[in-house]
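Open your viewer, set the display to cartoon, and keep the selection box handy. We will go from stop to stop, with a selection to make at each one.

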Amino acid sequence: MPNQVLTIEPQNELKFKVTFSGLFESGYTTYMRLTNPSNDTVLFKIKTTAPKKYCVRPNSGILDPNSKVEIAITPQPVYVDPNEKHKHKFMVQSVIAPEGKTNIDQVWKEISPDQLMDYKLKCVFESPQVVSPQQDAGDNAGQNEVTKKRVAVTSEDPKASTKTTTKTENFEGDLQKVANEVQLLREEESKLRHENLRLKEDLLRLHQTVGAEGRVTRRHSFSPTKTDQASLLPWLAVAVGMAIFGIIIGKFIM
């Protein structure tokens, strides 16, 4: 049997987590990475001794030269018999892809066992750590000691607590003042905007009124009234009479 051409990580074991009740931990997934460092295309399959208790994706495939793939192994939420834990194993089978072969399933059927490259990994099951009574008592004692020290510091220096409370109250009061000032500024800004709009409207109406009055004045200044026309008629008649009289006198003189 030839040596495994693929590089497999982890190399020896796959770790899984189980609960106190012996069930696989829900949502926990272990990963296996396959790398093909060769210049050949490699076919691979992932097999296990407990196929009903694990979901493997992908469980087979093709690895091109100098490529890699990550295999996700998710245990099913089932009970793990302590007597069968040592029997859970995984095996990576691989083979160099024959040239000209495109039907992968047919290749696996026709391949000779001597050409297969196998690599086995065992399963390791990690259970939650049980805290001993001594460790628990030590942790509680340490926590109690810290609490006592905090209480002692507060008792020895009550002024420090009073100062902290006073600073907090002053800070909250300053924040409230700033918020009130900001609100007043916003109201003032709103009033100024309304005043600005009102002034713009007044200015527009003023322009419209001035324009209308100018048009009326120009129309009256260039159009003579009927009274003006009537006052000009007598003078026009006198001028015409004088012209006729001059013409007649001129003919007698000549």
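Begin with Leu 34 and show its side chain: opposite Leu 34, in β7, stands Val 69. Before moving on, please note that this is a predicted model, in which local features need pLDDT of at least 70, side-chain atom pairs count only at pLDDT 80 or more, and totals for chains, interfaces and linings use all residues. Residues are numbered from 1 along each chain as its sequence is written, and side-chain values use heavy atoms, with hydrogens and water left out.

**The sheet**

Now select residues 30-36 and 67-75, which are strands β3 and β7. They run antiparallel and are joined by seven bridges. Strand names here follow DSSP runs (E, at least two residues), numbered from the N terminus; helices are runs of H or I with at least four residues. Two strands are said to pair if DSSP finds at least two bridges between them.

Widen the selection to the open sheet, where four strands follow the order β1-β3-β7-β5 with antiparallel pairing. The edges are β1 (7-9) and β5 (54-57), each of which pairs on one side only. From one strand to the next, the twist averages 20°, with axes taken as lines fitted to C-alpha atoms (for helices over the stretch in contact) and angles running from 0 to 180 degrees between N-to-C directions.

**Along edge strand β5**

Stay with β5, which pairs with β7 in the antiparallel sense over four bridges. Pick Val 56 and look across to its bridge partner in β7, Ile 73. In a regular strand the side chains alternate between the two faces of the sheet. Which residues of β5 are on its covered face, and which on its uncovered one? Tyr 54 and Val 56 make up the covered face, while Cys 55 and Arg 57 are on the uncovered one.

Next, colour the cysteines Cys 55 and Cys 123. Cys 55 is partly exposed at a relative accessible area of 28%, whereas Cys 123 is buried at 9%. The classes are buried under 20% relative accessible area, exposed over 50% and partly exposed in between, using a 1.4 Å probe and protein chains only. How many disulfides are there? The count is zero, where a disulfide is a pair of cysteine sulfur atoms within 2.5 Å.

**Backbone stops**

Show the backbone at Arg 57 and Pro 58, which are joined by a cis peptide bond with omega about -10°. Pro 58 sits in the loop between β5 and β6 (60-63). Another cis bond runs from Glu 9 to Pro 10, with omega near -5°, and Pro 10 belongs to the loop between β1 and β2 (13-17).

Then move to Asn 66, in the loop between β6 and β7. Asn 66 is not a glycine, yet its phi is positive at about 60°. With 57% relative accessibility, Asn 66 is exposed.

**Salt bridges**

Turn on side chains for the charged pairs: the structure holds three salt bridges, each a side-chain nitrogen of Lys or Arg within 4 Å of a carboxyl oxygen of Asp or Glu.

- Select Lys 15 and Glu 126, whose closest N and O atoms are 4.0 Å apart. Lys 15 is in strand β2 and Glu 126 in strand β9 (residues 117-126), so this pair ties together parts 111 residues apart in sequence.
- Select Arg 33 and Glu 70, with closest N and O atoms 3.6 Å apart. Because Arg 33 lies in β3 and Glu 70 in β7, the pair ties together parts 37 residues apart in sequence. Arg 33 is partly exposed at 35% relative accessibility, and Glu 70 is partly exposed at 46%.
- Select Glu 84 and Lys 53, with closest N and O atoms 3.8 Å apart. Glu 84 is in the loop between β7 and β8 (89-96) and Lys 53 in the loop between β4 (42-48) and β5, 31 residues apart. Is Lys 53 buried or exposed? Lys 53 counts as buried at 19% relative accessibility, while Glu 84 is partly exposed at 31%.

**Last stop: helix α4**

Finally, select residues 226-253, helix α4, and find Leu 236 in it. Leu 236 is exposed, with a relative accessible area of 52%. Add Val 240, Ile 244 and Ile 248: together with Leu 236 they make a nonpolar surface patch of about 360 Å². Patches are built from residues with over 30% relative accessible area and no salt bridge, joining like charges within 9 Å and nonpolar side chains (Val, Leu, Ile, Met, Phe, Trp, Tyr) within 5 Å. Accessible areas come from the Shrake-Rupley method with a 1.4 Å probe, and for residues only the protein chains shown count as cover.
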